Amino acid sequence: MASPQYVIAIDQGTTSTRAIILDHASQIVSVGQTEHQQYFPHPGWVEHDATEIWDNTREVIGHALGRASLTRHDIAAVGITNQRETTVVWDRTTGKPIAPAIVWQDTRTQDMVDRLAADGGSDRFADRTGLPLATYFSATKIAWLLDHVDGARERAEAGELAFGTTDSWVLWNLTGGTDGGVHMTDVTNASRTLLMDLRTCQWNDELLAAFDIPRSMLPEIGSSSQVYGTVHGSQLLRETPVAGILGDQQAATFGQAGFSAGAAKNTYGTGCFVIVNTGTEIIRSDNGLITTVAYQLGDDDPVYALEGSIAVAGSLVQWLRDNLGLIGDAAEIETLAEQVDDNGGAHLVPAFSGLYAPYWRPDARGALVGLTGFVTKAHIARAALESTAFQTSDVLDAISSDVTLTELKVDGGMVANELLMQFQADILDIPVVRPAIIETTALGAGYAAGLAVGFWSGLDELRELWHEDKRWTPQMSSQERERRLRVWHKAVTRTFDWVDGDT
């Protein structure tokens, strides 16, 4: 039998799950994709049904294989990439989640964050974890479930419950679930929990004690590129090795061939995430950035990164579509925004879950400011797109204090929006570069899995697979850029201090 000619990447994202088959030249052969329901049961709460996500995972694998007329014998390895921080807790015996998954955007644990920050501030654990205390990360979500689901804490302490971000949930089910499923995660996802020590890349007992989380719940931490197990015998990909795991933003960096210190990318998805590779050195930021693990290949030393996380980007377009009915389809926003030359003085600051980097203001809430009778829905559409570019500019300003950037590689669904990409280059005053394949998250997961099984020979081969598609260069005058940024920053300050104790 001929050797397998493809790898498959499972991209378990915030709004959908996809299976993407890649060939040896890193070209996309076929895609299966299914959206899952978003639940907002209370203000600030965001939930997913983890069982629906697993059902969708199996479905999209079948779609991708079927559309390419391939079988498991054609697939060398499976890679997984995932929405990070989103927290699933399930029963090891039944395989059922004990409650809906708490999504990374969810802010219900702010009171717990405030209590922990009262002793040592928001950077209380930053030296060990690289992270500020925030509702964004997994630890307070786990603790909330243990404290609010009947009997959960007792069951967890008895070893009956398992925690995982969605990579662990998918891996456990792929490899057998209740029938011997592998309970693991990789260093990139573990580094987003507030429970892993960046220096050792292992769970830290003092952190577990601070959040009152039993160690028995946690998955084993592995590298980003190794064989974790094989797909269980009853599934379409049975006996195929699962050999790569990367959190979605680290996967996008890997897929952009960002293997060298100083390489930077921004992914425009549900949120925006700027990552800068800092090599094997842990660099701490004084400017509101996260220190995280970029990737680890097998037994090699981990590679670290600085990251600026923006909570709302593409999801703002979905909000304009679904909540306001401003557009009928997400792609329509560019056409609508192109009807006007600027935002008409309106600025939309989408602090729906507070503001993440570089502000870290959980008290902020979204605001549409600068309204006059002149403003139309086209101006609001343009203001929504511009908000993504402005937020990215704020993060890159913080990064520039630590690392000098000469260009920004971009990926994710929003980079098809050329109006946004030109405005991004204008407001950053550096070139913005789009790769030939924008599905870099799937590429990264596929690359990690392929490296582990010898499908690709190493990083040099992967570098050769990256190709530029289009480059935008700045066209805005420095005076206009400064004016636009000044007004944007004024709009941002209007969102501060919105949440009071009784709101």
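**Figure 1. Salt bridges across the whole structure, with the pair Asp205 and Arg215 as one example.** In this predicted model, a search of the whole structure finds 34 salt bridges. One of them is formed by Asp205 and Arg215, whose closest N and O atoms lie 2.8 Å apart. This pair links distant parts of the chain, since Asp205 belongs to helix 8 while Arg215 sits in the loop between helix 8 and strand 12 (220-222), ten residues apart. Asp205 has a relative accessibility of 51% and therefore counts as exposed, whereas Arg215, at 41%, counts as partly exposed.

**Figure 2. A salt bridge within helix 12, between Arg382 and Glu386.** The closest N and O atoms of Arg382 and Glu386 are 3.3 Å apart. Because the two residues are four places apart in helix 12 (residues 377-400), about one helical turn separates them. Arg382 and Glu386 are both buried.

**Figure 3. A salt bridge between strand 22 and strand 23, formed by Arg434 and Asp469.** Here the closest N and O atoms are 3.0 Å apart, and the pair links distant parts of the chain, with Arg434 in strand 22 (residues 432-435) and Asp469 in strand 23 (residues 468-472), 35 residues apart. Arg434 counts as buried at 10% relative accessibility, while Asp469, with a relative accessible area of 44%, is partly exposed. Elsewhere, salt bridges that share partners join Arg84, Glu85, Arg192, Asp248 and Glu307 into one network.

**Figure 4. The surroundings of Thr81 in strand 5.** Thr81 lies in strand 5, which covers residues 75-82, and Thr81 is buried, with a relative accessible area of 0%. The side chain of Thr81 reaches the backbone nitrogen of Asp248 at 3.5 Å; Asp248 is also one of the residues in the salt-bridge network named above. When residues up to four places away in sequence are not counted, Thr81 touches Ile10, Asp11, Gln12, Leu246, Gly247, Asp248, Ala251, Thr441 and Ala445.

**Figure 5. The buried and exposed faces of helix 2.** In helix 2 (residues 110-117), the buried residues are Gln110, Met112, Val113 and Leu116. These residues cover an arc of only 160 degrees around the axis, so they are on the same side of helix 2. The buried residues of helix 2 pack against helix 4 (138-148) and helix 8 (205-211), and helix 8 is also the element that holds Asp205 of the first view. On the face of helix 2 turned away from the buried side are the exposed residues Asp111 and Arg115.

Conventions: Residues are numbered from 1 along each chain as its sequence is written. This is a predicted model: local features need pLDDT of at least 70, side-chain atom pairs count only at pLDDT 80 or more; totals for chains, interfaces and linings use all residues. Side-chain values use heavy atoms; hydrogens and water are left out. Buried means under 20% relative accessible area, exposed over 50%, partly exposed in between (1.4 Å probe, protein chains only). A polar contact is a pair of N or O atoms within 3.5 Å; within protein, one must be able to donate a hydrogen and the other to accept it, and residues adjacent in sequence count only if both atoms are side-chain atoms. Contact means heavy atoms within 4.5 Å. The arc is that of the directions from the helix axis to the C-beta atoms. A salt bridge is a side-chain nitrogen of Lys or Arg within 4 Å of a carboxyl oxygen of Asp or Glu.
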